[in-house]
Amino acid sequence: MTPATASKTDALLAEVDQYSAHNYHPLPVVLERGEGVWVWDVDGKRYMDMLSGYSALNQGHRHPAIVAAAKAQLDALTLTSRAFHNDQMGPFLKELCEATGFERALPMNTGAEAVETAIKMIRKWGYEVKGVAPGQAEIIVCENNFHGRTTTIVGFSTEEQYKDGFGPFTPGFKVIPYGDAKALEAAITKNTVGFLFEPLQGEGGVVVPPEGFIKRARELCTQHKVALMADEIQTGLGRTGRLFCCDWESVRPDVLIVGKALGGGLYPVSAAIADEEFMGVFRPGDHGSTFGGNPLGAAIGRASLRVVLDEKLSERSAELGAWFMQKLREIDSPHVQEVRGKGLMIGVVIKDSSGPARPFCEALDEKGVLAKETHHQVIRFAPPLTITQEELEFALEQATEVLSA
Ligand SMILES: *Cc1c(COP(=O)(O)O)cnc(C)c1O
């Protein structure tokens, strides 16, 4: 292809190939515009977004209420640092605490920072409140976890590639099989301060734990004075058909970690949320972030949360997710091993004998449905929660063609 006839897409792909670090393997689609569940590439082709920025776009692309809040705040004040107060952070944290039923929230930016915040909080709580000997605090985590990409967090990942070449790692973490309450009980010692888990593993391949696991984990943590730390960065804010995935088992964690959709797809906004018993260990100077709690992020966070609540996105997700999952299960396909998930967080597991999930994702992309494989064998369907049934029917038609071929 000569430069004159090459598509815009090809030119932009070549540019990113030359200048970007090669730390991702994206599908070869270059997007320039988005609205609701739809995105358009630089050559004008329209796609349905079935990934939603790994669930950072639960409210859809450029939700008008969130965009309006951001624009208004851009014209007022964007950054103060925490050296001063701003008029958005207080209302944001109040609304976040009221929506989640906790006493305090500590605002950060990315999910990984909120996880790090929770780890620091619970370690310090372990020393100051539980009375663990200095330097001995242990946090239990699960196999196949995904909590972010910092050196501490990848240190307790069980995915070799996430860790390879990045050590040495932070000690103080113990790994148990996901969903195994007996293993959790056996792993708890007098030094255990927290159990950090995802109520449904997203990056791990849309893995649903056995029913009752979250409840049992809650009981064990209460019994042994261990903080239950729920990473709801991906599962939260309506994604699984409840406001939080722990709500499926009526469990209130001790630390709730949120991010992704809290920024409505506009801006990174995250938080660690807990009662004063835990949050009280932080004193001035202990922890911080230059951008955490900034007025632009806070205004966006307020609007993002309001959209989730006002538009009843959890209920939509429960209803449409159940319907879509049923329809996916009805596809007569030689390739599908299992369809699993909760709400609009759905994984279609491809049989090993049919090869990896990636070619199926590429075929879907061809048909105008953007889906990305997770964990080699799983196609993830996680559209914006604002999606309509008609729009899901379009996705279903394409999925049916690709999976029954
Ligand atoms: C995405 C994700 C994170 C990390 O969030 P970043 O904003 O990418 O740092 C942590 N935990 C879970 C469960 C996630 O899905």
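Q: How many salt bridges are counted between domain 1 and domain 2?
A: This is a predicted model, where local features need pLDDT of at least 70, side-chain atom pairs count only at pLDDT 80 or more, and totals for chains, interfaces and linings use all residues. Residues are numbered from 1 along each chain as its sequence is written, and side-chain values use heavy atoms, leaving out hydrogens and water. A salt bridge here is a side-chain nitrogen of Lys or Arg within 4 Å of a carboxyl oxygen of Asp or Glu. Between domain 1 and domain 2 the count is one.

Q: What is the N to O distance in the salt bridge of Glu203 and Arg380?
A: An automatic or database assignment sets the domain bounds, giving domain 1 (3–59 + 312–404) and domain 2 (64–310). Side chains of opposite charge can pair when their charged atoms come close. For Glu203 and Arg380, the N to O distance is 2.8 Å.

Q: Which element gives the most residues to the side of domain 1 that touches domain 2?
A: Helices (H or I, at least four residues) and strands (E, at least two) are DSSP runs, numbered from the N terminus. Elements that each supply at least two residues to this side include helix H2 (52–55), strand S11 (336–342) and strand S15 (378–381). With four residues, the element that gives the most is H12.

Q: Which three residues supply 30% of the area that domain 1 buries against domain 2?
A: Buried area is the accessible area (1.4 Å probe) that two parts lose on being put together, summed over both. Domain 1 and domain 2 bury about 2,300 Å² between them, 54% of it on carbon and sulfur atoms. On the domain 1 side, more than any other three residues is supplied by Gln59, Lys342 and Met345.

Q: Which residue has a polar side-chain atom 2.7 Å from a nitrogen atom of the ligand?
A: The ligand's surroundings (residues with a heavy atom within 4 Å of it) include Thr110, Phe146, His147 and Lys260. A backbone N or O atom of Gly111 lies 2.8 Å from a ligand oxygen, and a polar side-chain atom of Gln234 also lies 2.8 Å from an oxygen atom of the ligand. For the ligand nitrogen, the residue is Asp231.

Q: How many residues apart are Arg104 and Glu276?
A: Arg104 forms a salt bridge with Glu276, with the closest N and O atoms 2.3 Å apart. Arg104 sits in strand S4 (residues 104–108) and Glu276 in helix H10 (residues 276–279). The pair links distant parts of the chain, and the separation is 172 residues.

Definitions and conventions:
A polar contact is a pair of N or O atoms within 3.5 Å; within protein, one must be able to donate a hydrogen and the other to accept it, and residues adjacent in sequence count only if both atoms are side-chain atoms.
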